[in-house]
Amino acid sequence: MKKTRVRFAPSPTGYMHVGNFRTALYTYLFAKQNKGEFILRIEDTDQKRYVKDALEKLIQIMNWAGFDYGEGVYLENNNIVQKGEFGPYIQSERLEIYKKYAHELIEKGHAYYCFCTPERLEKMRAKQIAEKQAPKYDQTCLKLSKEEVGEKLKSDMPYVIRQKINTEGATEYADLVRGKIRIENEVLDDQVLLKSDGYPTYNFANVIDDHLMEISHVIRGEEYISSTPKFIQLYQNFEWDVPVFAHLPLLLNPDKSKLSKRQGDVAVEDYIKKGYLKEAIVNFVALLGWNPGEGSTQEIFSMEELIEKFDLAHVHKAGAVFDLKKLDWINSRYIKRLSLGELYEKSLEFWKQKEFFNNASEEKKSEEYLKKVLTIERERLNNLSEIGENNQFFFQDIDCDKELLRWKEMSDENLKLSLEKSEKILEEILESDWSREKLEQKLLEAAADKRGELLWPLRVALTGEQRSPSPSDVAWVLGKEESLKRIEQALEKF
RNA sequence: GCCGCCAUCGUCUAGUGGUCCAGGACGUCAGAUUCUCAUUCUGAAGAUCGCGGGUUCGACUCCCGCUGGCGGUACCA
């Protein structure tokens, strides 16, 4: 049995699309589960699309996600390095290899030089479409004699190398997620293998590299389903083994179109910036198109569980809508699981983005204080960027509205008495006793069955807000001195 | 246009001929807890399984057609 070798082969576009991220995840899970090799290859054959630092960003996301691979392209001390016996793993460094195989194909009669200009091709297609024919290369250059080709080559005329498709019969293959797929060969086009700039097209490079790198399973997006027969012909032309294919469904916008930038964030980086945890993103994305089946109702999966349970046969065939609400839910679950220390560490960069935080006193920026805030806030968070947003009173002075202080129809006099009562209770609690439990116990005890009358005014006095955590929790975070000060300020209104 | 893929609650999905007048999760709504918010718990609504034909004693499950969505049809990947 051949060793399982799979690859994630993105082109460096400057960011990691979540759809690509899911392909990477599934490929990684498949590799781990089968104790195979996971390889990172870079498909940078389109010079027009060159983006600076894209490679670095890509690798950083791979590392961040924990998709460790055994071969391919790495980042070491900010330098791009490559490891593995099947390199180079960056396609732009493999140009000679593609050239060699392209010429081998010409010799075998499965490819030919084409000197048609882009303008001519465009006209040809326009005509075909106008005549309601399928746009397809008309094989003009296939008819060139050997001498004609030689002459054109000698005169340095730009050329591409095209695949000579066998149009007889049909090509069939068994897709691991879709089953049998069959396409009539006559609809296949003589596609370009090598461009005039010497770079290969994806259509050629993927076949050459997958073979040379001994890839056993090709896992990729469904946009390649219809070109796969052309790839299969290439494998056959070279008399190479054809790998197993698995085409993954697309990720969709809420309106079911292909997930795109226009309708929201598509880059994994965007979600990281918003404070979604790695574990949550992985968990959520894994569930977009896959589930353990067999009646399982599990929703929360660790990477280990995913590796154990993932199965390409259970990958859904239809596209999946990227549902932010569920991501929020999963993320909030992971936030609740974090230890206070972990939550604090992860929250730091998000605090620093907030104006109310930066303007706060040093004491309120301290680890001790922030951990208290987080203790109260964690059960309200869907993502880390929401941090503090609804509880800014923890960081800045407040000025509460007198009418907001009023519980139902309470009179001014009773309101004042209520606040004074709270003040007295808090005053009597020793600094050393200043805990959530103690505060809650004392306040509830004093309020007896009239909680609203005591707790509502106190809560508003402390927060200035209509909605907030409970007064005992707020008082605990603020501390005795600050809490009493705020009650005093509220009392000044009477 | 042509070729291909796909089609179960709003969304993610379970379901591989009878156990499904379709199960779970998110979301929604209601209730409980409660000083408000959130959490938590309980419950409810929500899918004539895209439509129409077959096959079968019996179909969400198999076959055919249609419709719709998506993908491909590039010297992009």
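**Figure 1. Residues around RNA strand B in the predicted model**. RNA strand B is surrounded by 69 residues. The closest are Gly293, Thr297, Ala318, Arg451 and Ser470. This is a predicted model.

**Figure 2. Secondary-structure elements at the surface near RNA strand B**. Six named elements are listed here with their residue ranges: helices α4 (118-130), α11 (324-337), α18 (451-463) and α19 (471-478), and strands β8 (179-184) and β13 (320-321). Each supplies at least two residues of this surface. Helix α18 gives the largest share, five residues. Arg451, one of the closest residues to the strand, lies within the range of α18.

**Figure 3. Chemical make-up of the surface near RNA strand B**. Nonpolar residues number 24. Charged residues also number 24. Polar residues number 21.

**Figure 4. Crossing of helices α9 and α11**. Helix α9 covers residues 278-287. The axes of α9 and α11 come within 9 Å. They cross at roughly 140°, so the two helices are oblique to each other. The crossing is right-handed.

**Figure 5. Contact residues between α9 and α11**. From α9 come Glu279, Ala280, Asn283 and Phe284. In α11 they meet Lys326, Leu327, Ile330, Asn331 and Tyr334. The contact holds five nonpolar, two polar and two charged residues. Helix α11 also supplies at least two residues of the surface near RNA strand B.

**Figure 6. Domains of chain A**. The domain assignment gives domain 1 as two segments, 5-91 and 251-321. Domain 2 spans 94-248, domain 3 spans 338-391 and domain 4 spans 402-491. The centres of domain 2 and domain 3, taken over C-alpha atoms, are separated by 55 Å.

Conventions:
Residues are numbered from 1 along each chain as its sequence is written. Chains are lettered from A and ligands numbered from 1 in the order in which they are written. This is a predicted model: local features need pLDDT of at least 70, side-chain atom pairs count only at pLDDT 80 or more; totals for chains, interfaces and linings use all residues. A residue is near a molecule or strand if its C-beta atom, placed from the backbone, lies within 6 Å of it. Helices (H or I, at least four residues) and strands (E, at least two) are DSSP runs, numbered from the N terminus. Ala, Val, Leu, Ile, Met, Phe, Trp, Tyr, Cys and Pro count as nonpolar, Asp, Glu, Lys and Arg as charged, and the others, Gly among them, as polar. Axes are lines fitted to C-alpha atoms, for helices over the stretch in contact, and angles run from 0 to 180 degrees between N-to-C directions. Angles under 35 degrees count as roughly parallel, over 145 as roughly antiparallel, 65 to 115 as roughly perpendicular and the rest as oblique. A crossing is left-handed if the near helix is turned anticlockwise from the far one by less than a right angle, and right-handed if clockwise. Two residues are in contact if their C-beta atoms, placed from the backbone, lie within 7 Å. Domain bounds come from an automatic or database domain assignment.
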